[in-house]
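Q: Got a minute to walk through this one with me? I'd like to start with a hairpin and go from there.

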Amino acid sequence: MATKKVTKTSRKAKKTTEAKSSNKTLGLLPKLIFIFLFLSVLGLAYLDFHIRAQFEGKRWAVPAKVYARPLELYSGLDLSIDDLKIELRGLGYKFVNKAISPGQVELSRTRAIIHTRGFQFSDGSEPTQKLMLSFSGSKITKLENYHGQAIALTRLEPILVGGIYPLNNEDRDLIRLEEAPDELKQALIAIEDKSFYRHPGISIRGISRAMLANIKAGRFIQGGSTLTQQLIKNFYLTADRTLARKLLEIPMALLLELHYSKEEILEAYLNEVYLGQEGSRAIHGFGLAAQYYFARPISELTLPQLAMLAGLVKGPSYLNPRQHPERALARRNLVLSELYKQEVIDKPTYLEASQSKLAVVKQASLLKGAYPAYLDLVKRQLREDYDEKDLNSEGLRVFTNLNPISQSKAEKALVKTIESLEKHYGEKVGGLQGSMIVTEPQTGEVLAVIGGRETRYQGFNRALDTERPIGSLVKPAVYLTALENGYHLASPLDDSPFELLMESGLAWQPENFDHQSHGNVQLHYALSRSYNLSTARLGMVLGLTNVIDTLQRLGVNKHIDPYPSLLLGAQGLSPLEIATMYQTIASNGFQMPLRAIRLVTDSSGQALSRYPFQLEQTIDGKTIHLLQYILQETARVGTARSIYYSIPDSINIAGKTGTSDQQRDSWFAGFAGNRLAVTWLGLDDNQSLPFTGSSGALRAWTEYMSKEVLTPFIAAAPEGIDYLWIDQQTGLVSAENCIGAQPMPFIIGQAPTEKTDCARNNVQEFIKPSLDWFNRWFR
Amino acid sequence: MPNSFSFYTTAKPFQRWSVVGLICVISACSTTPQITQMPTPSSPTIVITEKSPEPVVRPDPVYIPSEPVNKAIVPQSPTSITQEQQSDAVIALLDAAEQSQQQGDYQSAQNTLQRAQRIAPRDPEVYYKLAESHRDLEDYKLAEHVALKGVSIVQGQQQQLRRFWLLIAQINMLAGNDEAAKKAQQTADRY
């Protein structure tokens with residue numbers, strides 16, 4: 001009872017309060033309306049400011065575009081038709097019987113007619129033109145334009161190989177409205193917003209229809225959006241389907257239309273709209289979608305292709321043409337039929353277009369994102385000079401040295417070798433991994449990087465981040481140190497066993513691979529056969545710090561501890577560091593930074609930073625010449641002699657095998673005249689391999705090199721070098737006509753003087769290095 | 001050949017060789033030639049123990065007159081190199097670089113020269129002009145090294161060598177390295 005009373009009393013009280021407050025409310029109403037209006041105006045003004053600021057300022061964060069090197073074309077270029085095909089496929093050229101428009105190519109066995117697209121480079125533009133190329137073997141013998149006039153030099157457009165995306169992973173390729181084919185605009189308007197050119201931003205009819213549908217369904221299912229509203233939604237608002245958002249959308253759409261023309265709005269729409277997803281990368285805008293689905297620029301797409309893209313807007317994942325081709329096809333044909341109904345296209349065109357195949361390219365054939373390991377190197381080099389934000393939003397253009405032809409060959413060679421080794425060795429090498437770096441030895445440009453056997457996998461980059469023991473790849477540094485300190489190629493070395501007692505009480509007892517001692521051996525022989533005992537002894541005599549100094553002058557830029565095991569390659573280095581080291585050897589003692597990037601420009605093509613050819617001579621050319629001799633001997637008769645099973649004799653090659661302790665790593669580093677490559681094979685869990693550097697990494701290296709058009713490595717003898725005939729048995733000075741003599745280079749004043757009896761009794765001993773061929777090289 | 005090495009925790013009993021071995025290694029007497037500058041072993045406490053030295057007996061080679069008896073393992077003069085003349089592409093680029101240089105646009109000249117370098121990485125003219133462009137940009141150190149790279153690829157060509165060494169002399173003079181300039185000039189004069 002008591003409770004009831006209380007309730008009654010409180011009800012009364014409430015009524016009185018309500019009555020009072022309603023009187024107050026009546027008085028407040030005009031004020032409230034005024035405040036509401038004021039706030040609305042303020043809100044609108046704010047919205048207006050917001051809309052305009054975004055629309056006119058930087059509309060999109062445009063990721064940096066990363067390009068491969070452009071293919072230079074000229075008469076005399078070593079390029080096979082097959083190589084050209086790799087490049088043109090990467091560019092999305094259409095192989096046709098008659099090339100009539102940009103992006104098309106005609107190929108025969110000895111000729112190619114390419115209708116190029118043209119490209120605006122920072123140092124000038126390459127026009128779109130029809131090129132005629134004649135081939136003989138793996139060489140371009142003639143380059144002409146379509147009027148038969150010889151062209152000295154031209155370059156194809158560079159392949160876009162990647163981007164540097166912001167955190168939301170939005171990728172887009174901006175296009176201007178005039179670049180968008182009319183059919184695309186027509187198809188888009190026909191299917192998404194028929195009254196686009198007539199409505200003020202919103203379509204009353206569309207909204208009423210949508211509201212009706214919503215009421216019927218009892219919940220919010222349709223928006224009745226115009227293109228303008230869709231743009232607002234994507235551009236300024238979140239993706240939630242709420243009424244509040246919808247209510248905000250309407251004034252914003254009206255405001256947008258108030259300030260901007262239909263053309264401006266349509267252009268923004270074309271670039272903003274979401275059209276697909278590749279992993280974490282979101283595909284935005286029709287410019288990028290054209291590349292993503294058809295691997296061609298939007299201007300080259302056909303009517304049915306454009307109709308498909310326009311159809312995709314409704315639901316890029318539901319209609320994904322790669323996963324649900326039947327849905328995408330039905331949707332495309334719906335777009336086409338709308339175009340026909342609205343009399344944009346005639347009946348024959350409609351029928352033909354709706355009969356055609358989707359012709360979406362396989363995701364695997366897209367080159368954008370195909371080279372994650374190379375891109376990784378590019379990003380690291382870029383981050384030294386640029387902020388992350390500039391890279392993912394300013395639309396920078398990054399021109400790299402990536403050579404898609406070399407990269408493709410290297411990938412094939414590495415994967416093929418790994419698969420064949422797995423087949424041969426079975427379980428023991430399950431999950432075998434590998435990495436590779438290819439450079440141009442004279443310029444230091446990085447042409448290809450492979451970070452693992454899954455070449456497209458954006459994961460652990462073994463070419464840059466593994467630091468595995470380098471085994472005998474270190475030996476050239478030991479021998480260089482010796483050659484700089486008065487040793488010569490025929491110096492006798494002791495290859496007998498020894499034991500080294502260290503401070504720690506441990507004893508180091510190196511062994512040769514064949515567990516044999518080879519007694520007294522000549523210096524060149526010990527290196528080309530990769531003997532451990534003689535190398536370790538030599539290194540200890542020279543001093544570890546001196547060997548480390550040599551490694552650093554070869555370009556190894558890190559702290560190295562002076563442990564004796566260093567001499568046999570216990571130090572871990574990455575394939576990239578090895579490439580730097582061997583690059584110095586290949587380029588006659590000039591150390592060069594390995595460069596992945598040529599140039600960075602802003603979005604308008606203005607150069608921001610260049611990465612010029614740089615070098616510094618850190619090792620004397622004469623000493624390097626002696627080492628180069630041994631590394632050639634290694635390839636001819638030493639541990640890498642299997643090279644010449646598949647590479648012609650005429651191609652001079654220098655290189656070194658490497659196998660780490662317990663056979664955990666298989667390495668090869670070597671170079672011809674125009675290519676340097678480092679290969680590594682091993683297991684991620686660091687288990688022993690059933691093969692060595694010779695029988696593993698060298699195979700991948702040779703497989704790759706044999707597919708390249710190689711020039712021989714030319715070891716020009718610098719001044720101060722003389723060649724002598726040396727008896728191979730004793731290392732004494734011999735003569736040309738004494739059996740078992742070999743011509744070998746020596747630094748003048750440091751050559752052996754003692755002669756064999758044969759040489760003493762006979763004549764000529766010095767030979768001048770023949771420069772005849774060398775002069776012919778330049779004529 | 002790959003290496004394989006292992007650690008042992010106890011020293012092996014070849015004591016009498018250890019002294020010989022140590023002396024041998026330190027003095028480099030028996031198995032190594034004279035070292036111009038004797039480096040000091042980095043870790044003096046390391047003791048090397050000799051194991052089984054073997055005497056080697058080798059016969060003296062036989063002389064065979066008239067015919068060549070030895071095929072060089074490492075070819076000195078590759079036989080299959082085709083005559084490489086400056087291609088039209090390189091000539092066009094060198095001309096363009098020349099023009100840029102004359103207009104004082106060294107940056108653009110360098111770009112063009114690097115394009116030429118990619119096509120003909122062994123063309124001395126590319127390095128000569130590239131060195132000049134770095135000189136004009138007052139990057140003397142790089143200019144000198146680019147010119148030295150040029151020297152390394154014109155071995156045996158007297159006129160070219162003289163030209164490159166004169167350039168190096170000039171670069172050093174501009175850089176204020178009178179001593180180096182004088183030396184380079186002397187080298188140039190030898191050709």
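**Hairpins, sheet and packing**

A: Sure: in the hairpin of E8(A) and E9(A), two residues sit between the strands, and A:Gly137 there takes a positive phi near 60°. Helices (H or I, at least four residues) and strands (E, at least two) are DSSP runs, numbered from the N terminus. Two strands pair if DSSP finds at least two bridges between them.

Q: Before we go on, what kind of model is this?

A: This is a predicted model, where local features need pLDDT of at least 70, side-chain atom pairs count only at pLDDT 80 or more, and totals for chains, interfaces and linings use all residues. Residues are numbered from 1 along each chain as its sequence is written, while chains are lettered from A and ligands numbered from 1 in the order in which they are written.

Q: Back to E8(A) and E9(A), then. How many bridges do they share?

A: Six, in the antiparallel sense, with E9(A) covering residues 139-145. A:Phe135 stands opposite A:Ile140 in E9(A).

Q: And which strand does E5(A) pair with?

A: E5 (residues 111-115) of chain A runs antiparallel to E8 (residues 130-136) of chain A, and five bridges join them. A:Ile113 has A:Met132 in E8(A) as its bridge partner.

Q: What's the strand order in the open sheet of five strands?

A: E11-E1-E15-E25-E26 in chain A, with mixed pairing. Strand E11 (160-164) and strand E26 (607-610) are the edges, each pairing on one side only. From one strand to the next the twist averages 20°. For angles, axes are lines fitted to C-alpha atoms, for helices over the stretch in contact, and the values run from 0 to 180 degrees between N-to-C directions.

Q: Do E1(A) and E15(A) run parallel or antiparallel?

A: Parallel: three bridges join E1 (residues 64-67) to E15 (residues 397-400). A:Lys65 is partnered by A:Arg397 in E15(A).

Q: What about E25(A) and E26(A), parallel or antiparallel?

A: Antiparallel, over three bridges, with E25(A) spanning residues 597-601. A:Thr601 faces A:Ala607 in E26(A). This hairpin has five residues between the strands, and A:Gly605 takes a positive phi near 95°.

Q: Those are glycines. Which residue in the loop between E28(A) and E29(A) should I look at?

A: A:Gln662, in the loop between strand E28 (654-659) and strand E29 (665-671) of chain A. Phi of A:Gln662 is near 65°, a positive value in a residue other than glycine. Most residues other than glycine have a negative phi.

Q: Why does A:Gln662 count as partly exposed?

A: Because A:Gln662 has 14 C-beta neighbours inside 10 Å. A residue is buried if 20 or more other C-beta atoms lie within 10 Å of its own, exposed if 12 or fewer, and partly exposed in between, with C-beta atoms placed from the backbone.

Q: Where is B:Glu138, the one with positive phi in chain B?

A: B:Glu138 lies in the loop between helix H4 (124-136) and helix H5 (140-153) of chain B. Phi there is near 60°, and B:Glu138 is exposed, with 10 other C-beta atoms within 10 Å.

Q: What does the rest of chain B come to in secondary structure?

A: Seven helices and two strands, in the pattern β-α-β-α-α-α-α-α-α along the sequence. Of its 191 residues, 39% count as buried.

Q: Changing topic: how do H14(A) and H23(A) pack?

A: H14 (residues 404-425) and H23 (residues 697-705) of chain A pack at an angle of about 145°, with axes 8 Å apart. On the H14(A) side the contact includes A:Ala410, A:Ala413 and A:Leu414, and on the H23(A) side A:Ala700 and A:Tyr704 are among the residues. Contact here takes C-beta atoms, placed from the backbone, within 7 Å. By class the contact has five nonpolar, one polar and four charged residues. Ala, Val, Leu, Ile, Met, Phe, Trp, Tyr, Cys and Pro count as nonpolar, Asp, Glu, Lys and Arg as charged, and the others, Gly among them, as polar.

Q: Last one: which residues of H5(A) are buried?

A: In H5 (residues 227-236) of chain A they are A:Leu227, A:Thr228, A:Gln229, A:Leu231, A:Ile232 and A:Lys233. Their cover includes helix H3 (182-192), helix H6 (243-259) and helix H7 (262-272) of chain A.

Methods
Contact = placed C-beta atoms within 7 Å.
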